Amino acid sequence: MSFALTTDQRDLLEVARAFLADVYPTERAARSSDSTEGWDPDSWVQLVEMGWIGVALPEERGGAGFGHVEETILVEELARCLYAGPFLSTVLALPALEAADAADALAGRSRWSFEVDGLVPDLDRVDRVLSAAGAVDATGDLLATVDPTRHVGRLAGSAGGTTADVDRAQLLTYLAAESLGVAEAALEIAVGYAKERTQFGAVIGKLQGIQHPLADTFTDLMVGRSLVQAAAWRLDARPDDALRSATMAKAFLGDAAVVATERAIQVHGGIGFTWEHPLHRYYKRAVWLQAFGGNAAAQRALIREELAPIDQVVSGA
């Protein structure tokens, strides 16, 4: 596999970034406001018109016929602007939907989510939910979460602990891609501030105490990007071998995004802790992503279980 984006993938990245910068003032304004919503439902129509909902869905099912690499590009870019709509929920549920339901979702007539480990992300922002028992209406109870722009709930009558027919490798890969987008945005904000903020007649970006943490974040994100790209590539080329790569990406970036936002807040000093500054929103999204689908310890435990037979062979047990 190649870790370099193709020309078409780079074009998609540039178009997505420019599009989001121009057409989502609500989401971007939420960075510095006290709003707990940060999402305009009308923005969903724009994503549908851009064809983003079915990017990775085969053409015979009404999608664009691209791959998971292209879709992770969109997931990452939406995370960079803290998009609060149910894009992640819908695209993850989409492959498992019946033809008629998938057609409705692609046309923007319905928004979907899924039940995993007894939880449903974006329960109050979707119409239908793919549960272990099948497709049901999105009715249930919302739960308090650290990120007020990414709601989670439990379905009415759910016994909990159930998991819908959602590709776990795809789920973990996309959560890792979101974490990457959040961390990159936090790093950009911190670097921009470090270049402009002056103390004692000099910009703080010249101080090693500022440079080193930001350099560490940059290094982490280079590693994380390779893990996300490898996981996305395997979803397309080697789906039977994708779960381990996805688990590694989620484990690494779940923690890396939290650390990246913490470092960005520290670079900003006192202003970084204020309610009006956007960094606390990035931190909250990073913490949410770290926990959902299993934290790093849970992901590494799964990897250890998978590798246990290999260890036994090596040790002669």
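## A polar contact in a loop

In this predicted model, the side chains of Thr-149 and Asp-147 are joined by a polar contact of 2.8 Å. Thr-149 belongs to the loop that runs between strand 5 (140-143) and strand 6 (152-155), and with a relative accessible area of 10% Thr-149 is buried, because the cut-off for that class is under 20%.

## Salt bridges around Glu-77

Over the whole structure, a search finds 16 salt bridges. One of them joins Arg-17 to Glu-77, with the closest N and O atoms 2.9 Å apart. Arg-17 is in helix 1 (residues 7-23) whereas Glu-77 is in helix 4 (residues 68-80), so this salt bridge ties together parts that are 60 residues apart in sequence. The two partners also fall in separate classes of accessibility: Arg-17 is partly exposed, at a relative accessible area of 33%, while Glu-77, at 2% relative accessibility, counts as buried.

Glu-77 also forms a salt bridge with Arg-80, where the closest N and O atoms are 3.7 Å apart. Here both residues, Arg-80 and Glu-77, lie in helix 4 and are 3 residues apart, which is about one turn of the helix. In general, an α-helix has 3.6 residues a turn, so residues three or four places apart point the same way. Arg-80 is buried, its relative accessible area being 10%. These contacts belong to a network of salt bridges that links Arg-17, Glu-76, Glu-77, Arg-80, Glu-184, Glu-188 and Arg-225.

A further salt bridge is formed by Asp-241 and Arg-234, with 3.4 Å between the closest N and O atoms; of these two residues, Asp-241 counts as partly exposed, at 37% relative accessibility.

## Aromatic pairs

The structure holds 2 aromatic pairs. In one of them, Phe-19 and Trp-52 are arranged edge-to-face, at 5.4 Å centre to centre and with 65 degrees between the planes. This pair links distant parts of the chain, since Phe-19 is in helix 1 and Trp-52 is in the loop between helix 3 (43-50) and helix 4, 33 residues apart. Phe-19 and Trp-52 are both buried.

Trp-288 and Phe-292 form an aromatic pair that is stacked, with 4.7 Å from centre to centre and 15 degrees between the planes; both of these residues are buried as well. Trp-288 has a charged neighbour too, for Arg-150 lies over the face of its ring, at 4.9 Å from the ring centre.

## Helix 10 and its surroundings

Helix 10 (residues 279-291) has 13 residues, and the distance from its first C-alpha to its last is 19 Å, close to the 18 Å expected at 1.5 Å a residue. Which residues of helix 10 are buried? They are Leu-279, His-280, Arg-281, Tyr-282, Lys-284, Arg-285, Ala-286, Trp-288 and Leu-289, a list in which charged residues such as Lys-284 and Arg-285 appear beside Leu-279 and Ala-286.

What covers these buried residues includes helix 4, strand 2 (120-121), strand 6, helix 7 (168-196) and helix 9 (242-268). Helix 4 is thus among the elements that cover helix 10, and helix 4 is also where Glu-77 and Arg-80 lie. Just after helix 10, the backbone at Gly-293 takes a positive phi of about 80 degrees.

Conventions. Residues are numbered from 1 along each chain as its sequence is written. This is a predicted model: local features need pLDDT of at least 70, side-chain atom pairs count only at pLDDT 80 or more; totals for chains, interfaces and linings use all residues. Side-chain values use heavy atoms; hydrogens and water are left out. A salt bridge is a side-chain nitrogen of Lys or Arg within 4 Å of a carboxyl oxygen of Asp or Glu. Helices (H or I, at least four residues) and strands (E, at least two) are DSSP runs, numbered from the N terminus. Buried means under 20% relative accessible area, exposed over 50%, partly exposed in between (1.4 Å probe, protein chains only). A polar contact is a pair of N or O atoms within 3.5 Å; within protein, one must be able to donate a hydrogen and the other to accept it, and residues adjacent in sequence count only if both atoms are side-chain atoms. Rings of Phe, Tyr and Trp (its six-membered ring) pair if their centres lie within 6.5 Å; planes under 30 degrees apart count as stacked, over 60 as edge-to-face and the rest as tilted. A charge sits over a ring if NZ of Lys or CZ of Arg is within 6 Å of the ring centre and within 35 degrees of the ring normal. The expected span of a helix is 1.5 Å times one less than its number of residues. Contact means heavy atoms within 4.5 Å.
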